[in-house]
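Grab a pencil and open the model in your viewer. Below are a few short exercises, each with a worked solution.

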Amino acid sequence: MNAHEIDYHIYGEEMQYVEIELDPQEAVVAEAGTFMMMDQDIKMDTIFGDGSNQDTSVLGKVFSAGKRLLTGESLFMTAFLNVGQGKKQVSFASPYPGKIVPIDLSEKGGKFICQKDAFLCAAKGVSVGIEFSKRLGRGFFGGEGFIMQKLEGDGMAFVHAGGTMAKKTLAPGETLRVDTGCIVGFSHTVDYDIEFIGGIRNSVFGGEGLFFATLRGPGTVYIQSLPFSRLASRVWAAAPRGGGKDKGEGSILGGIGDLLDGDNRF
């Protein structure tokens, strides 16, 4: 384990970004599309996989990159290296309103499990891999499928939580039930499974789906109040349909509602 030691500062409240300070020859790797700004002496380079094994064989590089396809991510990541003489900064922004969560892997036993679209960036040397579910229930009904992302190493990593983030520390045997989409990540010591809600009324009319996640300690769990899937579904539901009219425009009550909520478009 030899991840680069990086310093950082998180700015903002609802639309946050993280500024990472790099000493000479230090580097950070990030997902495509998260870059915000960087100093002059920062060199940007596209690499296979996560950069944790760039000195291995060609086959090893291809295998590392290929694992990312299983999580729905690109084969490539971007590395930002300080080639200057002094300290330099590079910044990465959150993709939608929420919180950026710093994860010190050295304090998490060298491993952290997160949902596949939560990872933002990490110190070079941190391995970004895949975590297969060993349980059929979790794979078919967990919302994240059989595969989640696995961050391994001894450096800093940063994940993104939509909306407001809740951090829960579970004692051994303590259980927390969570909507499957609201999970950001958890310590590798946490046991994760899927549980049927039960009851015909709950299942058919509850509007919360048929299953929720059961997280059992010991360990730390990070929960988000606004999963991207929930945000996207609300935007889609409010999007204009045929003819440019939005939801509610076809009725008198819809027009009154627009006036009451301040939507006074003409």
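## Exercise 1: strand β3 and its neighbours

Ala 30 has Cys 121 in β10 as its bridge partner. This is a predicted model, where local features need pLDDT of at least 70 and side-chain atom pairs count only at pLDDT 80 or more, while totals for chains, interfaces and linings use all residues. Residues are numbered from 1 along each chain as its sequence is written, and side-chain values use heavy atoms, with hydrogens and water left out.

**Task.** Work out which strands pair with β3, and which way its side chains point.

**Solution.**
- Step 1: fix the terms. Strands (E, at least two residues) are DSSP runs numbered from the N terminus, and two of them pair if DSSP finds at least two bridges between them.
- Step 2: go to β10 (residues 119-123), which pairs with β3 in the antiparallel sense over three bridges.
- Step 3: now take β6, which runs antiparallel to β3 and is joined to it by four bridges. Here Val 28 stands opposite Phe 80.
- Step 4: sort the side chains. In a regular strand they alternate between the two faces of the sheet. From β3 (residues 27-30), Ala 27 and Val 29 point one way, Val 28 and Ala 30 the other, and all are buried (under 20% relative accessible area with a 1.4 Å probe, protein chains only; over 50% is exposed, and in between is partly exposed).

## Exercise 2: following Phe 80

**Task.** Find the aromatic pair that Phe 80 forms with Phe 92, and say what it ties together.

**Solution.**
- Step 1: set the rule. Rings of Phe, Tyr and Trp (its six-membered ring) pair if their centres lie within 6.5 Å; planes under 30 degrees apart are stacked, over 60 edge-to-face, the rest tilted.
- Step 2: apply it. The structure holds six aromatic pairs. In one of them, Phe 80 and Phe 92 sit 5.2 Å centre to centre with 75° between the planes, an edge-to-face pair.
- Step 3: place the rings. Phe 80 belongs to β6 (residues 76-82) and Phe 92 to β7 (residues 88-93), so the pair ties together parts twelve residues apart in sequence.
- Step 4: check the surroundings. Both Phe 80 and Phe 92 are buried, and with Phe 35 they form one aromatic cluster.

## Exercise 3: charges across loops

**Task.** Trace the salt bridges made by Asp 23 and Asp 41.

**Solution.**
- Step 1: recall the idea. Side chains of opposite charge can pair when their charged atoms come close. The cut-off for a salt bridge is a side-chain nitrogen of Lys or Arg within 4 Å of a carboxyl oxygen of Asp or Glu, and the count comes to five.
- Step 2: start with Asp 23, which meets Lys 87 at 2.6 Å, N to O. Asp 23 is in the loop between β2 (17-22) and β3, and Lys 87 in the loop between β6 and β7, 64 residues apart.
- Step 3: look for company. Glu 21 joins Asp 23 and Lys 87 in a network of salt bridges.
- Step 4: move to Asp 41, whose side chain meets that of Lys 88 at 3.6 Å, N to O. Asp 41 lies in the loop between β4 and β5 (42-48) and Lys 88 in β7, so this pair ties together parts 47 residues apart in sequence.
- Step 5: finish with exposure. Asp 41 is partly exposed at 29% relative accessibility, and Lys 88 is partly exposed at 21%.
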